[in-house]
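Subject: Structure for your review

Dear colleague,

Please find below the structure that I am handing over to you. I would be grateful if you could keep it open while you read the notes that come after it.

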Amino acid sequence: MKSERNLILFLLALLILSACSEDKKENPGRPNILFIMADDHAYQAISAYSDKLLKTPNIDRIANEGMLFTNACVTNSICAPSRATILTGKHTHINGKIDNGMPFDTTQVTFPQLFQKAGYQTAMYGKLHFGNNPKGVDDFMILPGQGYYINPKFITPKGDTTITGYVTDIITDLTIEWLDKKRDKDKPFMMMYLHKAPHRPWWPSPEKFKAFTKKTFPEPETLFDDYSNRGSAARTAEMNLLHHLRYGHDSKIRPETIAEMGGVSPDVPPVMWDGIDGFTGPYGRANAEQKALYDPVIDSINLWFKNNWPTMSDVEKMRWKYQRYMQDYLGSISSVDDNVGRVLDYLDESGLAENTMVVYTSDQGFYLGEHGWFDKRFIYDESFKTPLMIRWPNQITPGMTNDEMVQNLDFAQTFLEAARINAPEDMQGESLMPLLKKDRASWNRDAVYYHYYEYPAVHMVKRHYGIVTKEFKLVHFYYDVDEWELYDRLNDPQEMKNVYEEAEYAGVVKELKTQLAELRVKYKDSQALDQKYIEMTGME
């Protein structure tokens, strides 16, 4: 009798242990968060969205093993403001970082602070863009400002240091080292792995530089856009490939080459950042061994330019500048993809992948020759939309695609809910968890709000705000103009025709203006704030 009772107790213990084991498998505790962000990475340059330009098999893994968002967008398409929105979960008119020049409101709570307070170990490696002491981060190595592609300098809690090598490789080395050797393995982690690439001026690694200058890329249909049927903002922006890409800064034409040619026409002066233009900046930081790897390719580019440029038509020059742009931009991204693969492989090999949410995004989109442009800033799709994919094993069904209107405003609350941390009530986004869990019924957003401020300034994109739905985009350009634009996103996906004045869209305009006014109230924006920021930036 006693032996039977012992057998029953033994079997019960086995059942309890098995149940606990299953529960642990399904609910393994708070997830780790790995937030990967590139700088100016256009969704068009990720093969999960389109493989016309480039194959990105490692970044694609995140989409294939998780969820790909096709309507992800930003609230303000410019670097530092986007990052401030991501950190705070608030629009830029609330966190103060409306443009790259205005200061961030350091009294704002950032989501890393909340993770740190909740017992997570937090780290940030790579490009923050603003501030030298990130809040809520246990360990960091961040680039000062824009940072350097070659032999980058880093700001650390223990002081500044310079590391020899290529920045994309180095940031990855540091990230893997932290994950492998520095983190507290008894705590969940929230790691921000932030690439400088592919920010201008585009400098691939030597091997990518050599390989990509031999490639030719398809031209966008709107490369020679004349901006008819649009307002004055598109016509007056200064980011045209032919007229505004710089020879040395962007195309790798040596100053000596231009001097030998007696100048080039149009004679565009170099862009100077901290007294150094894009050519002499990265190249000037290279040591003799590194320069020896770059020189043969640069020499080849310069010889071709000197022999051909003077007799080329504007159409030929535009096409040449586009190819040079794509070769360097996409070469830089290829290194990002390789290095993302290294980190994903480490997660797999270390056993961390199963309980780690991996996010890949950019601080905004970017123009890759569409409308003849480079850069970002506009509410138009190529700069407004941003890549976003999230992998979370056992939580997100692999291979899913989602077309809801989501924003970088939503990231903080999503991460906090995933980690079961309460989000502050003053955050303005919405957690993406219902979408990740296939619960669309709990998602009720049908429009997003956008506001861009940095004008007059580099690239001269006018101040504007607007509302975007899946079907339409209504924009108000203001300050030195008072112009409205409406785009039919379904019937005119390239946004080539402003239909604001067309009678058949009168009802749409009326409805969207009402919704836009409601969004301005909801997000605490207003005409008074517009004027305040005009005055604060010294524009009045």
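The notes below deal with salt bridges, then with a cavity and a pocket, and finally with one lysine.

Please bear in mind throughout that this is a predicted model.

Salt bridges

Side chains of opposite charge can pair when their charged atoms come close. In this model, the count of salt bridges comes to 38. Three of these pairs are described here.

The first pair to look up is Lys-153 with Asp-160, whose side chains meet in a salt bridge with an N to O distance of 3.5 Å. Lys-153 counts as partly exposed because its relative accessibility is 32%, which falls between the limits of 20% for buried and 50% for exposed.

The next pair is Lys-376 with Asp-375, where the N to O distance of the salt bridge is 4.0 Å. Are these two residues buried or exposed? Lys-376 has a relative accessible area of 3% and is therefore buried. Asp-375, at 5% relative accessibility, counts as buried too.

In the last of these pairs, Glu-454 forms a salt bridge with Arg-377, and the closest N and O atoms are 3.0 Å apart. This pair links distant parts of the chain, since the two residues are 77 residues apart. Glu-454 sits in the loop between β13 (448–452) and β14 (464–468), while Arg-377 sits in the loop between β9 (356–362) and α14 (381–384). Glu-454 is buried because its relative accessible area is 11%, and Arg-377 is buried because its value is 5%.

Which residues are linked in a network of salt bridges? The network consists of Asp-40, Asp-375, Lys-376, Arg-377 and Glu-454, so the residues of the two pairs just described, Lys-376 with Asp-375 and Glu-454 with Arg-377, belong to it.

The cavity and the largest pocket

A search of the whole structure finds 1 cavity of 30 Å³ or more. The largest cavity holds about 50 Å³ of space. Its lining is made up of Phe-35, Met-37, Arg-83, Ile-86, Leu-87, Met-124, Lys-127, Leu-128, Met-192 and Leu-194. Three elements, β1 (32–38), α3 (79–88) and β8 (189–194), each supply at least two residues of this lining. The largest share, 3 residues, comes from α3. By class, the lining of the largest cavity has 8 nonpolar residues, no polar residues and 2 charged residues.

The largest pocket has a volume of about 730 Å³. How many residues line the largest pocket? There are 27, and Tyr-43, Gln-44, Lys-52, Glu-370 and Glu-382 lie nearest the centre of the pocket. The lining of the largest pocket divides into 9 nonpolar, 6 polar and 12 charged residues.

A lysine in the cavity lining

Lys-127, one of the residues that line the largest cavity, lies in the loop between β4 (121–126) and β5 (139–142). Lys-127 counts as buried because its relative accessibility is 0%. The side chain of Lys-127 makes a polar contact of 2.5 Å with the side chain of Gln-146. Leaving aside neighbours within four places in sequence, the residues in contact with Lys-127 include Asp-39, Leu-143, Gly-145, His-195, Lys-196 and His-199. Arg-83 and Leu-194 are also in contact with Lys-127, and both appear in the lining of the largest cavity.

Yours sincerely,
A colleague

Notes:
Residues are numbered from 1 along each chain as its sequence is written. This is a predicted model: local features need pLDDT of at least 70, side-chain atom pairs count only at pLDDT 80 or more; totals for chains, interfaces and linings use all residues. Side-chain values use heavy atoms; hydrogens and water are left out. Buried means under 20% relative accessible area, exposed over 50%, partly exposed in between (1.4 Å probe, protein chains only). Helices (H or I, at least four residues) and strands (E, at least two) are DSSP runs, numbered from the N terminus. On a 1 Å grid over the protein atoms alone, a cavity is a set of points where a 1.4 Å probe fits but cannot get out, and a pocket is an open set with protein on both sides within 12 Å along at least five of seven lines; lining residues have an atom within 4 Å of a point. Grid points are joined across faces, edges and corners, and a volume is the space filled by probe spheres set on the points. Ala, Val, Leu, Ile, Met, Phe, Trp, Tyr, Cys and Pro count as nonpolar, Asp, Glu, Lys and Arg as charged, and the others, Gly among them, as polar. A polar contact is a pair of N or O atoms within 3.5 Å; within protein, one must be able to donate a hydrogen and the other to accept it, and residues adjacent in sequence count only if both atoms are side-chain atoms. Contact means heavy atoms within 4.5 Å.
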